[in-house]
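User: Could you walk me through this model? I would like to begin with the overall fold and then look at some details.

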Amino acid sequence: MISLDEFLEALRLPLHDRRLDSEQSEVIAYPPDQPLIVVAGPGTGKTTAIVARALKMVFVDRFDPASIMLTTFTKRAAAELRSRVLGWGYIVRDEFSRLIRDEQDLEYLSSLDINRFITGTLDSLAEEILGKYRRPDIPPPVVLDQFVADGILLTSGLFDNGLFRNEDLTAFAEGHGYTRSRQTNSVNVRGLTRLSRIYCDRFRHDVIDVSAFTACGPGQAAVARVANQYLSGLQIRGPNVMDFAELEHYFLERLQQGELSQFTSQLKAIFVDEFQDTNVLQESIYYNIARCINGCITVVGDDDQSLYRFRGGTVELFRDASPRMQTALGITSEPDIRYLTTTYRAPNLPVVFTQDFAECDADYQPSRVTGKPRVQSDESVGDGLPVLGIFRDNIHDLARSVARLIGDLFNGSGIDISWNGENVHIGAGADAQPGDCAFLAHSVREYTREFMGQPSSPRFPLLLRQALLELDTPISSFNPRGQLLSTVPEIAQLCGLMLECIDPHSIITGSISNLPPEARRIFREWRSAATDIIHRNPEPNHPTTLEDFVRSWQIQRSQVTGIQWPSELPLIDLCYHLLTWIPSLQDDPERQIHLEVVARAITETSMLSSNSYRSRIVFSDIQHKQRSVTQAIWNIFSAIALGDIEINEDILETFPRAAVNFLTIHQAKGLEFPIVIVDVGAHFKTNHRLQRVFRFPDTINETYLVEDNTIPFGGLSTASFAEWRDRAFDDLTRLYYVAYSRAQSLLVLAGLTSVLPTGRVPHVAMGWTRTGTSTWRTSCPFLRI
Amino acid sequence: MTQLPVRNPIYIVPPYSLTGDILSFRRCGLQYRYLNGSALPPSRPVQMWFGEFIHLVMEMAIKNYQEGVYGDLPWPEEVIDNISDIIIARLANEGKTPRSSRLENAAKARVKVSINDLGPILFPLVSTPEIPLSGTRIMPQSSQHRAEYYEVTGRIDIITNIQIDTFQVGENQLVDLIRDFLPNRESEPFEVIVDYKGMRRPSTNSQDWQLYEWQLQTYAWIRQKQPSSLPVRAGLIIFINELRPSVSDIRKLREDMANNTTDVRPANATKDLDIVLKVARGESPFGLSWPFRLQRALRLVSVEEPDQQNALERFDRIVADIEDSVAQEVENGSIRRSWPTNPVRETCVACDFRGTCENSPYRGPAVAPLGRPDEPSYSEEDTY
């Protein structure tokens, strides 16, 4: 038999000879058959601890790897979890195989199949388990992409029975901050779709009693009706067609009805990472599974890093995990909590800064796990560098200064700062590249959205991108989510060329009466971009040209003798044929991500409607052509123009090393970078009321309003929740806590001087508390440069 | 001076699917980058759709067979059509549709043969359908690789559990074939791994011919690590098109016969040879005998230890090549300069990115409506 000590010793090999600290060791050694809650600060080795605990169950306690399930919140985190289980598991197994002489132990080791650990996101596992453990007459679930599900919400939920014109729904939406159009006297359908989506998901995620909710008022009844029509819309698209919320609901039902007993009977332990982002439905799934395996559950998380309330994440479940788990599992005492408090990510100064930030607002403390100890840096790492601050009077100077700092670090001789009376020189090593630096912001959009007739204008990420390119030695940046897809020059050319081919002179577009004006304007810009590229006669232009190709489409006459123009053609064909003249879409990784979104829009749209032309242009007669082009303009081009299709976060797995990475704080969660620059107020010149929601909330916004409306009808006591304003402040504190804790070495705050603690614009990120003062006013915790 | 550290690479054991990644990259690295790296949907996912369709229909059919839902084979055509329609709807909901109703009808006709003609000899041997596979391999040495290990994944369509001496000679054609292929294995229970391919039998000098053999050997290596497995003695590839070939399949068979690149040809002076030589465009190749079609559809592969090791080492090298390309793209920021091309006419002809690919024989301006002047028109895609 392998002992715990022998296992911990062998584990030093994949950990590159690093010993686990006493807190991590305690988590690993905790009895495998008892529930455990682990509260782990950033960089404290939470993944290390749970992977080691899972592997310990295999090597020491002899659990079959196939009986252990590890799940987490994002695909990226799940991939990392699996990588560590496999990588470390095989190193430890091979090490024991080398050292051990006992034949029984050797036989056990040789029979181990580490790959059989069950890992994944809850959604991916639910889909897989439901597919595998089902009766032959029940089809496996078909889970729709969010974009497609939203399309069905629009068509079945809002358009069926004309609910989008329902006065109760419109008034309900107005109460959530949506504005009524003077022309139509209703809220636009995009707004209604967005609001309905939030409620549909909430109904499922929070296990809401929809009948009781409906009885609250006509607006509630209207949105519940939309949700009901939407569910019917999913059902008519085929058996077991569902969205992600419905998938989890369906999975829970199967568990509760014992239909997955074949699966649960094989299971012995479950691990849940990032538990702070769990919702009520997911919590119920985890505890149902845990009940089936005698409470052998380990949950891990950090309440300070909970960022997903807007998606249904309920941090209160983690804060109160111990009593809730006791009740759910029916055990006699509350499960133990273990804390991981030593961070290995960063040295002392940035860690102290981050922890002080979490503690600076007394009103934030009740929302945290009770008795949570302070995170400290590993003693051996030293003090490191102070946190720096770059604050300038205007956004242009700020962009130039931040760019200069990055340029000096990566291209120049480094920078000098004066700290504690000494001159400190900071420089990047010979192997360093701009990809070692991340710029984090609440939003990395390069342009503002058009609003109430106001044109879009440049935002800080664009100015920083430009300033980096203007350096003596230019530095590029990687920001695929920064640009509105419709404004990316190559996408404008591609979409414009497609429109020119299928609808020359905008005749069909012009006949669509209710197309949003913004979409119409963007189509004009695209067509203009198309005309420009046609006039430039790009290569390849022999023996035929782009102009020849477009004209041929416009008049539907084949360029090849003897080939008739077909009766129908898929739009995706046209898209790919046009790529011939826009080579950067095929070579630049960032542009490739943009092309993927366009191609996805074209192919996935085909599922939106049962009588759809399925993204084909039909030429058989004028009516079909008119209808098929109209459908493409509505479902595809309008969706791209109005930004309804998001870049998939999972695409962004590999960051180029040669470019500075621009990331939202949400995207950066779970990542770390040697240099982190956080936008703490590049746009906050005045205390403008519309910006307060992002820094010092004083008006309830949609997220908290929906939560307040639904909580009374869910499975949670309203007493678990603070007032909306406290929740809003708490969430902002968590957001910047996550941002500040991403830095491994150098943390830089960047903003306008107006947000300085002594300035006139209050901002939680700058130490302001909800009482209206900044705790940093008297003692500034960063060094201005 | 305080020197800033370099960013630690994220610890990753990259997963590689045998069919989705390794075989695709081997066909063409650049095309793989577009279709798998970026998830760009191919404009003509004919084989992809048919491949998924056949797998899902057969899985459902086998489950129903094992549960006795529709009784003994053959089943009424309506039953099979009903299963097909459920799967077609499911694929459509995933955004996967056949390019034409002709392809859909051909696919439905092929599954009828697969279930009602092949099923009676295949289904009774099935112990488990659809087994997910996962194994871990050491990453081949190279400075550019981001991981020490990689995970190889796959999915076995069927495991058959066979003990030959429990069958009389002539009782089951498939067992007879295996008996001939594996002499001296009569009394030992063993497994045969079965993999469907929604395609014709490839030419013996083609890349696919070799790759599919390596695929089964790798599956066997992983399968044997699973606790529940019996010894795996052979792999069986079923080329579904051959059960009901199209005119273009027969045309390609004629080419293979002329080039001596097929191992299964009709015997001299048979009706099968007559049909193969005479069938022309617009005609249906009905009338080919069942034994000939079955022989064309089945390929047995030996899975001995040295063959497995050879296959695994080949795949290790392909994974190393993929990792090199990933690393190069991260370093130089150019897709085209980082991923190798493989300008084989049959791969390039269906590639959506051939117009600007430097090595493609189809490089040049697109031509309306179908892309290239020498591209087959849709009506010629296949005739059944």
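**Chain A, its core and its partner**

Analyst: This is a predicted model. In chain A, residues 24 or more positions apart account for 77% of the contacts with a separation of 6 or more.

User: What is the secondary structure of chain A?

Analyst: Chain A comes to 30 helices and 21 strands.

User: And how does the radius of gyration of chain A agree with that of a compact globule?

Analyst: A compact globule of 785 residues would have a radius of gyration near 28 Å, and chain A, with 28 Å, agrees with this. Along the principal axes, its C-alpha atoms fill a box of roughly 80 × 70 × 60 Å. Of the 785 residues, 50% count as buried.

User: Which residues touch the most other members of the largest nonpolar core?

Analyst: They are A:Ile270, A:Met498 and A:Cys575, in a core of 235 residues. Helix 3 (residues 46-67) of chain B supplies the largest share of this core, 11 residues. Apart from it lies another core of 79 residues, including A:Val351 and A:Ala682.

User: What is A:Ile270 in contact with, leaving aside neighbours within four places in sequence?

Analyst: Its contacts are A:Met69, A:Tyr286, A:Ile289, A:Ala290, A:Ile293, A:Cys296 and A:Ile297.

User: Turning to the interface, how many residues of chain A are in contact with chain B?

Analyst: 76 residues of chain A are in contact with 61 residues of chain B. On the side of chain A, helix 4 (residues 75-99) gives the most, with 8 residues. That side divides into 37 nonpolar, 25 polar and 14 charged residues.

User: Which strands of the two chains pair, and in what sense?

Analyst: Strand 13 (residues 422-428) of chain A pairs with strand 1 (residues 2-4) of chain B in the parallel sense, over 3 bridges. Within this pairing, B:Gln3 is the bridge partner of A:Gly427.

User: Now the backbone. Where are the cis peptide bonds at A:Pro540 and A:Pro543?

Analyst: One runs from A:Glu539 to A:Pro540, with omega near -5°, and another joins A:His542 and A:Pro543, with omega about 5°. A:Pro540 lies in the loop between helix 22 (517-536) and helix 23 (546-555) of chain A, and A:Pro543 is in the loop between helix 22 and helix 23 as well.

User: What is the phi of A:Asp17, and is that residue buried or exposed?

Analyst: A:Asp17 has a positive phi of about 75° although it is not a glycine. The residue is found in the loop between helix 1 (4-11) and helix 2 (22-29) of chain A. A:Asp17 is exposed because 7 other C-beta atoms lie within 10 Å, and the cut-off for exposed is 12 or fewer.

Methods. Residues numbered from 1 in each chain as written. Chains lettered and ligands numbered in written order. Predicted model: local features only at pLDDT ≥ 70, side-chain atom pairs only at ≥ 80, totals over all residues. Core = buried A, V, L, I, M, F, W, Y, C linked by C-beta atoms within 7 Å. Buried ≥ 20, exposed ≤ 12 C-beta atoms within 10 Å, placed from the backbone. Helix = DSSP H or I, 4+ residues; strand = E, 2+ residues; numbered from the N terminus. Contact = placed C-beta atoms within 7 Å. Rg over C-alpha atoms; globule rule 2.2 N^0.38 Å. Nonpolar A, V, L, I, M, F, W, Y, C, P; charged D, E, K, R; others polar. Pairing = 2+ DSSP bridges.
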